[in-house]
Amino acid sequence: MAPTGDDHYHPKDTIHLSLYQGAGFGGIGLLFAAVRNSLSKTNVGPWTTFTKHGGIAATFAVAGTAYEFTRCASANLREKDDYWNHTLGGFVAGAALGLRTGRMPRILGYGVFAAVVTGTYDYAGGTLKGYWNRPEADEYERKETLRKTRRRPIEETIAEIGEGRGIKPPGYEERRRERIKERYGIEINPVNADPDAS
């Protein structure tokens with residue numbers, strides 16, 4: 001996570017955040033269990049979501065709780081809020097997902113995979129826009145820099161899309177009057193709205 005202007009670490013409420021995250025992931029797991037129940041080939045009732053496929057919801061809840069607990073506890077112990085916390089949390093959550101298989105290589109494999117994904121995601125700025133979109137950079141300055149470096153000359157734009165439709169380069173009105181006179185034989189005299197003009 002990118003450093004903010006305040007370098008002082010603020011402790012996290014580990015239990016509260018873990019329970020909140022576990023409830024959220026448990027709800028997502030319950031949705032997956034309900035979808036799996038609805039795709040069943042046999043005629044089953046709604047309670048099978050809990051009795052037969054309830055393990056999916058429990059696994060999601062455990063993984064979400066383990067991730068958030070490990071991330072917050074690691075941050076509190078290290079007194080740093082960086083990508084290593086997400087990496088450790090991802091490893092524990094992935095290992096919790098792998099526990100359903102009961103095989104140690106899968107537990108470690110799921111843990112390493114989740115650690116790499118979550119750690120890399122947070123290291124890259126916690127966004128899919130990438131590392132270079134830094135939150136501490138001023139958005140106005142960034143857009144001004146983009147305008148200066150990527151601005152195209154108006155002549156190039158007019159050459160590609162043509163004039164008209166709101167694009168009025170210098171001399172546009174005179175060329176328009178000439179085109180109308182050539183095509184339709186109508187002469188347009190410009191009217192000046194300024195009463196003091198001669």
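**Helix packing and salt bridges in an all-helical model**

The buried residues of H1 are covered by elements that include H2 and H3. In this predicted model, the buried positions of H1 are Thr14, Ser18, Gly22, Gly26, Gly29, Ala33 and Asn37. An α-helix has 3.6 residues a turn, so residues three or four places apart point the same way. H1 comprises 25 residues and spans 36 Å from its first C-alpha to its last, close to the 36 Å expected at 1.5 Å a residue.

The protein as a whole contains eight helices and zero strands. Its order along the sequence is α-α-α-α-α-α-α-α. Of the 198 residues in the protein, 24% are buried. Among contacts with a separation of 6 or more, 51% are made by residues 24 or more positions apart. The exposed surface of the protein amounts to about 14,800 Å², and carbon and sulfur atoms supply 61% of it.

His53 is located in the loop between helix H2 (48-51) and H3. The residue is classed as buried because its relative accessible area is 10%, and buried means under 20%. When neighbours within four places in sequence are set aside, the contacts of His53 are Ala33, Arg36, Asn37 and Thr48. Two of these residues, Ala33 and Asn37, also appear among the buried residues of H1.

Six salt bridges are present in the structure. Side chains of opposite charge can pair when their charged atoms come close. One of the six salt bridges joins the side chains of Lys12 and Asp81, with an N to O distance of 3.3 Å. This pair links distant parts of the chain, the two residues being 69 residues apart. Lys12 belongs to the segment before helix H1 (14-38), whereas Asp81 lies in the loop between helix H3 (54-78) and helix H4 (83-98). Both partners are partly exposed: the relative accessible area of Lys12 is 22%, and the relative accessibility of Asp81 is 26%.

A salt bridge within helix H3 is formed by Arg71 and Glu68, whose closest N and O atoms are 2.6 Å apart. The two residues are three positions apart in H3, which means that about one helical turn separates them. Arg71 counts as buried because its relative accessibility is 12%, and Glu68 is likewise buried, with a relative accessible area of 6%.

Arg177 and Glu174 form a further salt bridge, in which the closest N and O atoms lie 3.8 Å apart. Both residues are part of helix H8 (residues 172-184), where they are three residues apart, about one turn of the helix. Arg177 is partly exposed at 21% relative accessibility, and Glu174 is partly exposed at 41%.

The pairs described thus include one that links distant parts of the chain, Lys12 with Asp81, one within H3, Arg71 with Glu68, and one within H8, Arg177 with Glu174. In the H3 pair, Arg71 is buried and so is Glu68, whereas in the H8 pair Arg177 is partly exposed, as is Glu174.

Key: Residues numbered from 1 in each chain as written. Predicted model: local features only at pLDDT ≥ 70, side-chain atom pairs only at ≥ 80, totals over all residues. Heavy atoms only, no water. Helix = DSSP H or I, 4+ residues; strand = E, 2+ residues; numbered from the N terminus. Buried < 20%, exposed > 50% of the residue type's maximum accessible area, 1.4 Å probe, protein only. Contact = heavy atoms within 4.5 Å. Areas by Shrake-Rupley, 256 points an atom, 1.4 Å probe, with all protein chains shown as cover. Salt bridge = Lys/Arg side-chain N within 4 Å of Asp/Glu carboxyl O. Expected span 1.5 Å × (residues − 1).
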